Amino acid sequence: MGWTKKSDVAQYKKANWKNFIKKEPDCPPPKAKRIALQNPEISFFFYCRDNLILEGPVYENHGPFNKGDAIFFSGEPWYGDAPQCDSYQKEGMSIAYVSPNSSEQFLESACYLLDNGSPAIDVVCIFAGNLVLNKRPYLKAHNDPSAKNPFNANIMEILSNGSVQKLQKKGITVLLTILGGHHKGGWSNFKTESAAADFATYLKTEVVDKYGLDGIDIDDEYSNPNLRIPNSLVTVTTKMKELMPDKIISKALFRDTEYFKPKYKGKTLADTLTYGWEMSYGISPEYRLPKYVKLGMVKHKLSLGFVANRPSRNPVQDVKWLKKNGYEGIMIYNFFNPQNTKLMGKLVNTLYGPGNWNKEPEGSSLKEKVHQNQK
């Protein structure tokens, strides 16, 4: 996430505090950045390095702000002097799909830094869990319904050894992508409300809570096309949102506009998704993203996907178009492929300015910047 940091300021006490969203105690900036991503309406926050009292209606409605508090807002900030605080404003988002061979490779996602020392990658999507059954345990390794573990060995290692939490401590949001697995199970194949509800419960208890993830990324490919049920996806995501209101539900968008039309409990898929990143690679963004806006997705929930082996006409111009038109950011598939890593660097430098894609060598000053940024 490109964050503009302003030291010694906070939301001014005479500002219109109708844009206040929430206050979180014991919430240092890396954690606050992850919380900010959970709600696309959050556009900035300030962090209290020491106690702060803003008198009048602010104090009456929100009380004192204590050391370690992060206070979140929507809209544009109205700053006032506050030597106890630092403020951070969102400037975009970068997403990387990774399929690492080991936890060591997975942790390399955090080695790419902006010029201020904060992570250059905001969201890491672990690719992928395989949805191959229409009943528990739903997920199986290697697209094999007889497999013992729910995930492939490399993913089990990452989820089980604390690697996810190491990235999160640096301010990186970690999602697990769930992919249709060439079997009769799939995101669009749930026949009943109770079946969708059980899958949502399973994702919460056996995946998100168990492994400490920030949410679930949906890739609704490779399920049985002959068994697709139009309202299955919105039913599942509504149940997920009810069970995990503070977790991210994102979707890899591709040839799926028909699923944005059905409703469940008065909601459409656009209402239940936190974010979407479009992945019909190689086509200009003006043909890929506006159709989702027409279907109810707001622009700051949408990002554009890129991949090196299917390059767009002009990736730099595409990113400039995204910025000019108010879209959220960029996504790279298969990040650890060297050509895709290089492309991500080019996109990040376009999104945030030259010099904002830096690989952290062992023992470098950049490593110190990350350390200081986490304090």
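Me: Which residue follows α4, and what is its phi near?
Reply: Happy to start there, and please keep in mind that this is a predicted model. Helix α4 is followed by Gly 162. The phi of Gly 162 is positive, near 90°.

Me: Which residues are buried in α4, and what do they pack against?
Reply: In α4, the buried residues are Asn 154, Ile 155, Met 156, Ile 158 and Leu 159. An α-helix has 3.6 residues a turn, so residues three or four places apart point the same way. The buried residues of α4 pack against α3 (103-107), β8, α5 (163-169), β9 (173-180) and α6.

Me: Where is Leu 133 placed, and is Leu 133 buried or exposed?
Reply: Leu 133 sits in the loop between β8 (123-131) and α4 (153-160). Its C-alpha atom is separated by 15 Å from that of Thr 192, 59 residues apart along the chain. Buried means under 20% relative accessible area. Leu 133 has 18% relative accessibility, so Leu 133 counts as buried.

Me: Which residues touch the most other members of the largest nonpolar core?
Reply: That core has 69 residues, and helix α6 (residues 193-211) gives the most to it, with eight residues. Apart from it lies another core, of 18 residues, among them Val 123, Ala 128, Val 307 and Met 331. Within the largest core, the residues that touch the most other members are Trp 187 and Phe 335.

Me: Leaving out residues up to four places away in sequence, what does Trp 187 touch?
Reply: Good one to follow in the structure. Among the residues that Trp 187 touches are Leu 131, Ile 178, Phe 199 and Leu 203. Its contacts also include Asp 219, Asp 220 and Ser 232. To finish the list, Trp 187 touches Ile 216, Ile 218, Leu 233, Val 236 and Met 240.

Me: What is the strand order in the open sheet of five strands?
Reply: The pairing in this sheet is antiparallel. Its edge strands are β1 (3-11) and β2 (20-24), each pairing on one side only. The twist averages 25° from one strand to the next. The order is β1-β5-β3-β4-β2.

Me: In β5, which residue is the bridge partner of Phe 44?
Reply: Strand β3 (residues 44-48) and strand β5 (residues 79-90) run antiparallel, and five bridges join them. In β5, the bridge partner of Phe 44 is Gln 89.

Me: Which way do the residues of strand β12 point?
Reply: In a regular strand the side chains alternate between the two faces of the sheet. In strand β12 (residues 275-278), all are buried. Tyr 275 and Trp 277 point one way, and the other way point Gly 276 and Glu 278.

Me: Which residues stand opposite Glu 278 and Gly 276?
Reply: β12 pairs with strand β11 (residues 248-253) in the parallel sense over four bridges, and three bridges join β12 to strand β13 (residues 302-306), also parallel. Opposite Glu 278 stands Leu 253. Opposite Gly 276, in β13, stands Leu 302.

Me: How many disulfides does the structure hold, and why?
Reply: A disulfide needs cysteine sulfur atoms within 2.5 Å. The sulfur of Cys 85, which is buried at 0% relative accessibility, is 3.9 Å from the closest cysteine sulfur, in Cys 48, so that is too far for a bond. Cys 125 is buried too, with a relative accessible area of 0%, and its sulfur is 18 Å from the closest cysteine sulfur, in Cys 111, also too far for a bond. The number of disulfides is zero.

Definitions and conventions: Residues are numbered from 1 along each chain as its sequence is written. This is a predicted model: local features need pLDDT of at least 70, side-chain atom pairs count only at pLDDT 80 or more; totals for chains, interfaces and linings use all residues. Side-chain values use heavy atoms; hydrogens and water are left out. Two strands pair if DSSP finds at least two bridges between them. Helices (H or I, at least four residues) and strands (E, at least two) are DSSP runs, numbered from the N terminus. Axes are lines fitted to C-alpha atoms, for helices over the stretch in contact, and angles run from 0 to 180 degrees between N-to-C directions. Buried means under 20% relative accessible area, exposed over 50%, partly exposed in between (1.4 Å probe, protein chains only). A nonpolar core is a set of buried Ala, Val, Leu, Ile, Met, Phe, Trp, Tyr and Cys residues joined through side-chain atoms within 4.5 Å. Contact means heavy atoms within 4.5 Å.
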